Amino acid sequence: MQQGQVLYAPSPLRDTYERIKVYWMRQPRIIFAIYMIMVLVIARGTVFVLYHIIETDGKGLMQGYTKSKYEAPVVNDTVPIDSTSAAALTTSAFPAQLDSKLYWPSLDMIYTRYDPHRGEIPLDIMALLNSPPNLTAPHAFTNATTVPEEAWKHHPWTRAVNGSKTSMEDAMRPNLQPREHDWRPPPHNEWKSPLQDTGILHPNPSEHIQFKFEDPSRFSGKKHDTARDRVLERRRKLVKNAFIRAWQGYKNYAWGADEVSPVSEKPNNNFNGWGATIIDALDTLLVMGLHDEYLLAREHVYDVDFHYVGGQRSAYASADGRIPVFETAIRYLGGLLSAYDLSGDELMRDRAEELAQIILPAFDTLSGLPVGRMRVDDKTEYTPSKPRGYHESMVLAEATSMLMEYTRLWQVTGNRTYFDRVQRVTDFLDSNMTKMSLIGTLLPQSLYPEESILSGKYSFGGGIDSYYEYLVKEHQLLGGVVDQYSRMFTEAMDSAEKHLWKNVTVVPNAPSLVVVADTYARGRSWARLEHLACFSGGMMALGSRVVPNRRHYLNIARLTTESCYWSYNSSLTGLGPENMEFFRPFDKDRYHITSAADGTRHRDSPVGDPFVGVRRIVSEDYRNRPEVIESVLYMWRTTGDPVWQERGWQMFASWMTHCLVRSGVSTIRDVNQVPVLYDDSMESFVFAETFKYYYLLFSPPDLVSLDDFVFTTEAHPFLAPKKGRWARPGDVPVSFPKFHRAFPTFDRPSGTLTSMQKNQLISQWEHVNVLHRVSLDKWPEDDPAAQKLFLEAFWARVNAAQQQRE
């Protein structure tokens, strides 16, 4: 050792570092995997930042935005709509012109005899439609009559104990009811209901919405067209037969579940496990006069326990014990309230109010906007300093589309609390968020209410759609007693007319095509036709009748609905894709480029995917969606033009030709592939919306007239005000099928579980018991089955501990 050298003991931290270093050097595969994950995360973050800089001009999130900060927004890269255009879609637009560079089969090659594009249905499909199955008792999924006490707790609910202490008469005098206590700190708790200082309300029915048919009690709407009446009556019968086939398929293979997979004939529980198909279809059963089926469904309504949440998924996300608030409200709450309106059955009112009370805590946020997901009977303590949903983003449509359901609940119970909760949402948006918009008063897909941030795209598509729809429909449901909704709707639609509605000028022989563009308001827009946005044709037709000085909205409705119909009738199946995008007129890649012998390049024939003018089919699948036939129905009822019935029949013929199977109607993967590939899904909205709209299209116009009813976004008809009062449930027009039987009573408490719920609960209980019997003391070395149970038991206990901490 050299003189003067000092030796120190090794640092404990350095020693630990060296040990870890040596260990990881012996694990090169793990090191490489971690390295690749880091590279992917960095790459994804870089792409995200560049995307927002390029596509949204760096303003994808607009915090505290005021219009004085930036120049006027510009979305001018497409052709603005001409709302006075007389251009119309004619038969010359079909078949749609194809890209000349592509091989594409002609319709004559595919349909040698029966072409649904002409409204023709093949004989084998027609045989199914002409011979619906007998309506028999549903299959029971369990013989169990009781479940273990440890596994389930009953939550009794009675009107006398838990229901509102008010009546319908109180809804006519809302100023006499005190406002509920508001726990929120100032300024939020200073909110004042617009009904707080009103006297007796005098709602005014909307002016005549429907076309003035000669004889609305006849199928054709005309007095002396018996041949046309017979055709339409026959078509309606076929629609009803298709509904019966799908309904009986559900009863045979999935009764009590949320939905049935019509091809594999298996049950699915994606919407809380409460039997979404049954409750969503209640009003359709009544509209079609299937009263015995309604009584059967009524037993399910009585037994379902809204406190027990089951299922493989939670709406369109993974199951985590929370319920999707928006989907729960539009499918279940709306279905129950509509059944009450159509029948006067007080069971529906009571179960609706019970469910409404369960999901009401979703509105207990600082802004008043409801959270998207919540736990039933949540025991978490929320405080003003740490409220529910704080700093969370909220989807526009989800936060605003319980407006009609809670408003109608207020009207039939007299409890103004229900109205105030949803009105608070409207007032917050009207006062705080719309003024931040980059394009008029339109709002984008995502909101951060506490931070005053708008985020995402502007459009009428998914996540946005029903916000605008409910503005005009709430105006109609309230009979105009709150003029705010008419104002907000016209301001928004005038903004959309200026910034979002665009002409599509690149499709040959189709001069009337328009789209509601997708845009981030700073830079380019996308000329996309999204199936979900096709509701806007019906919305604008309704708006042209119920708001003042906007008659030209009807022409926008026509142009929009014709465009959506074009997306159907141009495809090989005659069904519309989920999403498609058109070229813009100045896109440089809109034409093929050809190189000449001398090396020069010149423009060749137009590009199409596969139809000229279509840049790409973004999503090729068809999901049994109702939005296009919804707008077709509104156009028929508001114009009286039978061309809409013919277009609707072509759509129905295509739907049956390609989607009808033994136990229902299946989704398909590609609308431009024949034979089709089934996706094996039939959601509850097929019964609530799609079948109902087709049925009404071929019914006499006075059945569920637009003058008497307001449809929710799930096609649940609510009674509109009449004679200066809120409509009384059960007081339906004479044209509606009358229910002449008494509603039976039950000798058991309500909410004591359906057979499907019992089956799920017992299976879960037995599985948990097995897991808890597995020892976690020692890893089973040579037994793969025991290892699987070991891991299941371990994670089950970890999740249970996590939930207990929450």
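Start by selecting helix α22: 13 of its 13 residues are buried, so the helix is mostly covered (buried means under 20% relative accessible area, exposed over 50%, and partly exposed in between, with a 1.4 Å probe and protein chains only). The model is predicted, so local features need pLDDT of at least 70 and side-chain atom pairs count only at pLDDT 80 or more, while totals for chains, interfaces and linings use all residues. Residues are numbered from 1 along each chain as its sequence is written, and side-chain values use heavy atoms, with hydrogens and water left out.

Stay on α22, residues 685–697. Helices (H or I, at least four residues) and strands (E, at least two) are DSSP runs, numbered from the N terminus. From first C-alpha to last, the 13 residues of α22 reach 17 Å, close to the 18 Å expected at 1.5 Å a residue; the expected span is 1.5 Å times one less than the number of residues. Centre the view on F691 to find a kink of about 30° in α22. The bend at a residue is the angle between axes fitted to the seven residues ending there and the seven starting there.

Next, select strand β17, residues 579–582. N579 and E581 lie on one side and M580 and F582 on the other, and all are buried. Add β16 (residues 528–530), which pairs with β17 in the antiparallel sense over three bridges; two strands pair if DSSP finds at least two bridges between them. Here E530 stands opposite N579. Then add β20 (residues 614–619), antiparallel to β17 over four bridges. F582 has V614 of β20 as its bridge partner.

Move to the open sheet of three strands, ordered β2-β12-β13 with antiparallel pairing. β2 (79–80) and β13 (514–516) are at the edges with a single partner strand each, so one side of each is left without a neighbour in the sheet. Select β12 (residues 501–503) with β13 to see three antiparallel bridges; N503 is bridged to V514 in β13.

Now pick L128 in helix α4, residues 123–130. L128 counts as partly exposed because its relative accessibility is 27%. Add L238, 110 residues from L128 along the chain: the two C-alpha atoms are separated by 9.7 Å.

Finish by selecting F94, P95, L107, D115 and H117. Of the 18 residues lining the second largest pocket, these are the closest to its centre.

Technical notes: 1 Å grid on protein atoms, 1.4 Å probe; cavity = no way out; pocket = protein on both sides within 12 Å on 5 of 7 lines; lining within 4 Å.
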